[in-house]
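These are my notebook entries on a structure I went through element by element. I kept each entry to what I looked up and what I found.

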Amino acid sequence: MLARNIWRTICLLILFAAIVALPASAQEERPGLYRVTLPATDREARTRLAEQGIAVEAVGPSGVVATVDEAGLAALRAKGLSPLAVEPLDFPPEDEAYHNYEEMMAALSQMAAQRPDIVVLTTAGYSVEGRAIPAVKISDQPEIDDPTEPAVLFMALTHAREHLTVEMALAIVRLFVEGYGTDPALTNLVEQREIYVLPNVNPDGGEYDIADGFYRYWRKNRRPNPDGTYGVDLNRNYGYRWGCCGGSSPVPGSETYRGPAPFSEPETQAVRDFVLARPNITAAISFHTYGELILYPYGYTYDDLPEDMDADDQRTFVALANLMAATNGYRPQQASDLYITSGDTVDWLYGQLGIFGFTFEMYPTSFSPGFYPPGEVIPRETARNFPAVIALTAAADNPRKIIGLGGDATPPVVMLYFTAPDPWLVSTPVTLAAAAEDDVGVTLVAWQANGAAIGMDRTPPFTTTWAPDEPGLYRIEALAFDGGGNVATSEAFTATVYGPADAALDVAGQDAVDLFAPLRLSFSRPVTVTTLALHFEPPVDFQLQAWGETEALIVHAPFRPRTHYRLVLESGLGPQSILRPAQWDFSTRPSRVYVPLISAFEIES
Ligand SMILES: [Zn+2]
């Protein structure tokens with residue numbers, strides 16, 4: 001017993017030593033920077049801080065922001081300055097818009113929670129340091145893997161410093177999450193495809209690159225190598241033609257170190273196993289930065305058509321690359337036109353599995369800003385790739401259809417019809433219908449008014465009901481989609497939708513009217529007088545001076561003196577006289593009563 005206890009103690013001691021040793025070495029390696037907010041509400045307070053050697057970076061209502069290291073933080077506290085907030089830095093302050101690993105995971109969870117009906121967030125595997133490698137699936141019925149539904153894969157952050165690619169992956173998830181049910185083309189793709197996104201396949205490298213508030217220009221993963229260096233280049237570690245042809249390095253310290261064996265790294269294993277488990281993936285984009293290029297296989301050889309490349313596939317790669325390049329302005333080329341690479345992701349995707357895999361080298365084209373463009377370019381540079389993402393997703397039923405081989409490249413035929421009331425008033429529902437046909441089958445019909453979807457239907461007879469809630473001129477059209485992601489648009493109809501007319505009363509006097517003064521009612525658009533519902537309180541017999549459709553009318557009434565009147569206008573009588581209900585109050589002046597000396601006399605003729 002005693003011996004066992006001693007042994008256990010020794011084990012615990014070793015464990016403790018290991019635990020204590022880890023943070024110590026980590027601290028040595030990472031100086032640690034913090035963003036601190038210090039209380040200072042006026043310029044005098046800020047000046048006092050500046051006099052103490054604090055570099056003020058930003059001024060807010062309650063304090064100033066400065067960046068300090070461990071020693072600086074200790075010095076602040078020694079001076080009796082207690083920060084309102086201390087945050088460890090990740091991305092430098094000017095690049096806050098980028099998502100670090102934790103923020104990315106939170107954003108993914110948030111989107112999965114927002115649309116659980118189309119988004120499932122899982123884990124593809126774990127990194128060297130044990131971080132989860134997230135996997136997103138977007139499809140209707142996302143829990144069911146349907147091998148008959150074509151699938152497409154988008155992946156990001158193979159290389160640690162290429163942070164814009166994580167934003168690209170998040171933007172793709174957001175595109176489909178927000179587009180589902182509102183954008184018919186995206187809705188159809190979510191329903192006809194399984195869309196997979198691996199938003200961060202190198203989480204250790206990505207975190208290491210930004211850990212201290214400055215960039216390390218780190219590329220590889222964080223594998224500790226036997227010679228004391230770190231990292232394997234994940235884009236040289238895939239198992240197709242691994243280590244061949246001079247396209248990678250056997251030296252661990254090299255930026256393009258291929259690792260000790262193909263798929264030696266848990267990150268590439270995770271991608272491999274994820275793809276192998278989903279044989280319906282036919283097309284893929286692996287996002288990198290930078291260069292604004294679309295690269296297609298192979299990287300391992302300069303030969304355009306080596307033995308392991310099918311001639312039709314090669315034509316398909318060129319055609320798809322050209323198609324996508326036309327949408328984003330990137331330059332399409334074979335990967336090896338840049339330089340020889342071996343063991344990269346897309347060589348494996350195509351060489352091993354026949355998947356039409358592309359490498360996108362995103363913005364910018366040059367070393368300035370290189371790997372670290374400012375956060376403000378994220379929306380522009382991610383949206384720039386949406387048309388390419390959509391086109392490749394649509395082509396995934398059979399990418400070869402772009403060169404006319406197989407697949408469904410024929411769009412449906414669609415006709416729009418509906419009968420609208422004349423005039424068509426806001427909030428009046430109208431049934432829109434469409435006749436649509438397709439050689440393979442119509443999967444979705446959508447109606448648009450001025451480009452915005454107003455209804456969708458999936459089964460014939462295709463109809464929707466729409467009640468416009470804003471007056472205006474509408475261009476209405478029907479769209480029909482098929483399983484090939486093809487779309488047809490009907491001839492457009494233009495319809496005017498009217499809002500209720502507003503009436504205004506012009507009272508002749510300042511604050512009171514004369515007994516026989518005419519009142520003038522004017523309308524914001526012509527109304528039909530015969531259907532006006534107008535009355536006075538107290539009641540007065542009145543006459544209207546206007547005919548047919550009018551924009552203004554005169555009301556004649558014999559008022560009584562010193563009386564408070566209310567003129568009430570009701571709506572709802574007849575379509576053209578729909579008026580916003582209104583009422584006006586006014587008083588009449590005291591009358592000057594003339595008593596004739598002779599009340600009546602007859603003139604004899
Ligand atoms: Zn890269």
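**Entry 1: two helices side by side**

At what angle do helix α9 and helix α12 pack, and how far apart are their axes? I looked this up with the caution that the model is predicted. Helix α9 (residues 311-328) and helix α12 (residues 386-395) pack at an angle of about 150°, and their axes are 8 Å apart. I therefore wrote the pair down as roughly antiparallel, and I noted that the crossing of α9 and α12 is right-handed. On the α9 side I listed Leu320, Leu323, Met324, Thr327 and Asn328, which meet Pro387, Ala388, Ala391, Leu392 and Ala395 in α12. Sorted by class, this contact of α9 with α12 holds 8 nonpolar and 2 polar residues and no charged ones.

**Entry 2: a second helix pair**

I then turned to helix α5 (residues 164-179) and helix α6 (residues 184-192), which pack at an angle of about 105° with their axes 8 Å apart. That angle makes α5 roughly perpendicular to α6. The residues that meet are Leu175, Phe176 and Gly179 from α5 and Leu186, Thr187 and Val190 from α6. By class I recorded 4 nonpolar, 2 polar and no charged residues for the contact of α5 with α6.

**Entry 3: the sheet of 8 strands**

In what order do the strands of the open sheet of 8 strands follow one another? I read the order as β5-β6-β8-β7-β9-β12-β10-β11, and the pairing is mixed. The edges are taken by β5 (119-126) and β11 (331-334), each of which has a single partner strand, so one side of each is left without a neighbour in the sheet. From one strand to the next the twist averages 20°.

Within this sheet I followed one pairing in detail: strand β9 (residues 281-289) and strand β12 (residues 356-362) are joined in the parallel sense over 7 bridges. Opposite Ile285 I found Phe358 of β12.

I also noted helices that lie across these strands. Helix α4 (residues 101-114) lies across β5 and β6 (132-138) and runs at about 145° to β5. Helix α8 (residues 266-276) lies across β5, β6, β7 (151-155), β8 (194-198) and β9, running at about 135° to β5.

**Entry 4: a covered helix**

How many of the residues of helix α7 (residues 203-210) are buried? I found 8 of its 8 residues buried, and I entered the helix as mostly covered. The buried residues are Pro203, Asp204, Gly205, Gly206, Glu207, Tyr208, Asp209 and Ile210. What covers them includes α4 and β6.

**Entry 5: strands later in the chain**

Next I checked which strands pair with β21 (residues 493-498), beginning with strand β14 (residues 424-425), which runs parallel to β21 and is joined to it by 2 bridges. Here Trp424 stands opposite Val497 in β21. Strand β19 (residues 472-482) is joined to β21 by 5 bridges, and these two strands run antiparallel. In this pairing, Ile476 has Phe493 of β21 as its bridge partner.

I then looked at an open sheet of 4 strands, whose order is β22-β24-β27-β26 and whose pairing is antiparallel. At its edges stand β22 (503-506) and β26 (543-545), each with a single partner strand, so one side of each has no neighbour in the sheet. The twist in this sheet averages 25° from one strand to the next. Strand β24 (residues 519-528) and strand β27 (residues 549-556) pair in the antiparallel sense over 6 bridges, and the bridge partner of Arg520 in β27 is Ile554.

**Entry 6: one tyrosine**

Is Tyr565 buried or partly exposed? I located Tyr565 in strand β28 (residues 564-570). I counted 19 C-beta neighbours inside 10 Å, and because a residue is called buried at 20 or more, Tyr565 counts as partly exposed. Leaving out residues up to four places away in sequence, Tyr565 touches Phe536, Glu537, Phe559, Phe586 and Thr588. Its C-alpha atom is separated by 6.3 Å from that of Pro538, which is 27 residues away along the chain.

**Entry 7: the whole protein**

For the overall record I noted 12 helices and 29 strands. Of the 605 residues in the protein, 39% are buried. Among contacts with a separation of 6 or more, 70% come from residues 24 or more positions apart.

Methods
Residues numbered from 1 in each chain as written. Predicted model: local features only at pLDDT ≥ 70, side-chain atom pairs only at ≥ 80, totals over all residues. Pairing = 2+ DSSP bridges. Axes fitted to C-alpha atoms, helices over the stretch in contact; angles between N-to-C directions. Contact = placed C-beta atoms within 7 Å. Parallel < 35°, antiparallel > 145°, perpendicular 65-115°, else oblique. Nonpolar A, V, L, I, M, F, W, Y, C, P; charged D, E, K, R; others polar. Buried ≥ 20, exposed ≤ 12 C-beta atoms within 10 Å, placed from the backbone. Left-handed = near helix turned anticlockwise from the far one by under 90°.
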